[in-house]
Amino acid sequence: MSSAELPRKEANVLRGHEGAVLAARFNADGNYCLSCGKDRTIRLWNPHRGLHIKTYKSHGREVRDVHVTPDNSKLCSCGGDRQIFYWDVATGRVIRKFRGHDGEVNAVKFNEYSSVVVSAGYDQSLRAWDCRSHSTEPIQIIDSFSDSVMSVCITKTEIIGGSVDGTVRTFDIRIGREIADNLGQPVNCISMSNDGNCILASCLDSKLRLLDR
């Protein structure tokens, strides 16, 4: 997309949260979006028409992140209550709650097959949870960070975390190898390019850093 194709005017304002909005995510095809925030709710919107569709309530504290499966049937969320919630989108029912983090949970992400959720927490860890199992215990814990993990990305074979300790760490889950990129500044968020070749990291020094994988 060239700079000439980028949006230059406001299309809609989505109102309804009773406090700060902490995250907003589009679904896979861009027709809907989810938001979450300080009011302990998740809200589903049609952003193109400015319509609020549904509200999801169950968290005991602020909701910090939300992610939806590619088929739009399930979503996961996390927040200050140290839990990961696995939801049915249509009914608004909580299917399962995953507990195990020793602090607030900052970010969640489904894997490609929507069978595993990976969470990033203040307890300096990434944790993977099996959505198909009735177990609420994590199937994998990655705890090589030295400060809060703020963001997570997932590929077919890797889990990538960005941390306040200034690193972006890539874990190859096939062979158990870890690669650490030390950015020298606390990392607040990471995002992967569509082709998977680059990672964009936002840091607390108000700079974006592009990493070539």
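This report looks at the annotated WD repeats, residue D123 and the largest pocket of a predicted model.

Residues are numbered from 1 along each chain as its sequence is written. In this predicted model, local features need pLDDT of at least 70 and side-chain atom pairs count only at pLDDT 80 or more, while totals for chains, interfaces and linings use all residues, and side-chain values use heavy atoms, leaving out hydrogens and water.

**Repeats**

An unreviewed UniProt entry lists "repeat: WD" at residues 14-55, 56-97 and 98-130; such annotations may be inferred rather than shown by experiment. Here are two of these stretches, with strands taken as DSSP E runs of at least two residues and helices as H or I runs of at least four.

| Residues | Helix | Strand | End C-alpha atoms apart |
|---|---|---|---|
| 56-97 | 0% | 57% | 14 Å |
| 98-130 | 0% | 58% | 9 Å |

**D123**

You will find D123 in the loop between β10 (116-121) and β11 (126-130). D123 is buried, with a relative accessible area of 19% (buried means under 20%, with a 1.4 Å probe and protein chains only). The side chain of D123 reaches the backbone nitrogen of D102 at 2.9 Å. The side chains of D123 and S125 share a polar contact of 2.8 Å (N or O atoms within 3.5 Å, one able to donate a hydrogen and the other to accept it).

**Lining of the largest pocket**

Strands β1 (21-26), β5 (63-68), β9 (105-110), β13 (149-154) and β17 (187-192) each give at least two residues to the lining of the largest pocket.

Terms used. Buried means under 20% relative accessible area, exposed over 50%, partly exposed in between (1.4 Å probe, protein chains only).
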